[in-house]
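Okay, thanks for making room for me today. I'll put the model up and walk you through a few spots on it.

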Amino acid sequence: MFGIGMPEMLLILAIALIVIGPKKLPDLAKSLGRAFAEFRRATSELKETFEIDDELKEVKSTFDHVGKEVKEAMEVTVDAGPADQKVSTDFDKEKNEKKSENKDSESPVSHG
């Protein structure tokens with residue numbers, strides 16, 4: 001751990017025991033343990049956030065790509081629009097002409 005061997009670790013603990021005292025040393029160790037655990041938790045959450053950001057970037061690029069394809073398809077449809085509209089207009093004219101012919105042939109007949 002950090003290049004510290006067993007003799008160095010014992011020396012650090014002995015100095016801490018002398019400076020802090022035997023009564024407060026367990027509390028200090030507990031506090032350091034909690035701080036280290038909190039640091040690990042925060043680090044893992046930050047790591048997860050970066051992973052989520054990467055996934056969101058992938059999803060965004062996919063949506064951008066699909067949006068671009070839809071836009072291109074709409075441009076092709078708009079370019080072909082007036083010709084299609086003319087065909088439907090011609091069809092509507094024929095339909096209206098047939099309706100008017102049927103109305104003319106159905107003249108009111110008086111039975112008397």
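Let's start with leucine 32, which is exposed at 54% relative accessible area; exposed means over 50%, buried under 20%, and partly exposed in between, with a 1.4 Å probe and protein chains only. Leucine 32 sits in helix H2.

Quick caveat: this is a predicted model, where local features need pLDDT of at least 70 and side-chain atom pairs 80 or more, while totals for chains, interfaces and linings use all residues. Numbering runs from 1 along each chain as its sequence is written, and side-chain values use heavy atoms, leaving out hydrogens and water.

Overall, we've got 2 helices and 0 strands; helices are DSSP runs (H or I) of at least four residues, strands (E) at least two, numbered from the N terminus. Of the 112 residues, 2% count as buried.

Now, which residues join leucine 32 in a nonpolar surface patch? They're Leu11, Ile15, Ile18, Val19, Ile20 and Leu28, and with Leu32 the patch has about 700 Å² of accessible area. Patch members have over 30% relative accessible area and no salt bridge, with nonpolar side chains joined within 5 Å and like charges within 9 Å. The areas are Shrake-Rupley, 1.4 Å probe, and for residues only the protein chains shown count as cover. H1 gives the most, 5 residues.

Last thing, salt bridges: a Lys or Arg side-chain nitrogen within 4 Å of an Asp or Glu carboxyl oxygen. There are 2. Glutamate 38 meets arginine 41 at 2.7 Å, N to O, and aspartate 64 pairs with lysine 60 at 3.2 Å.
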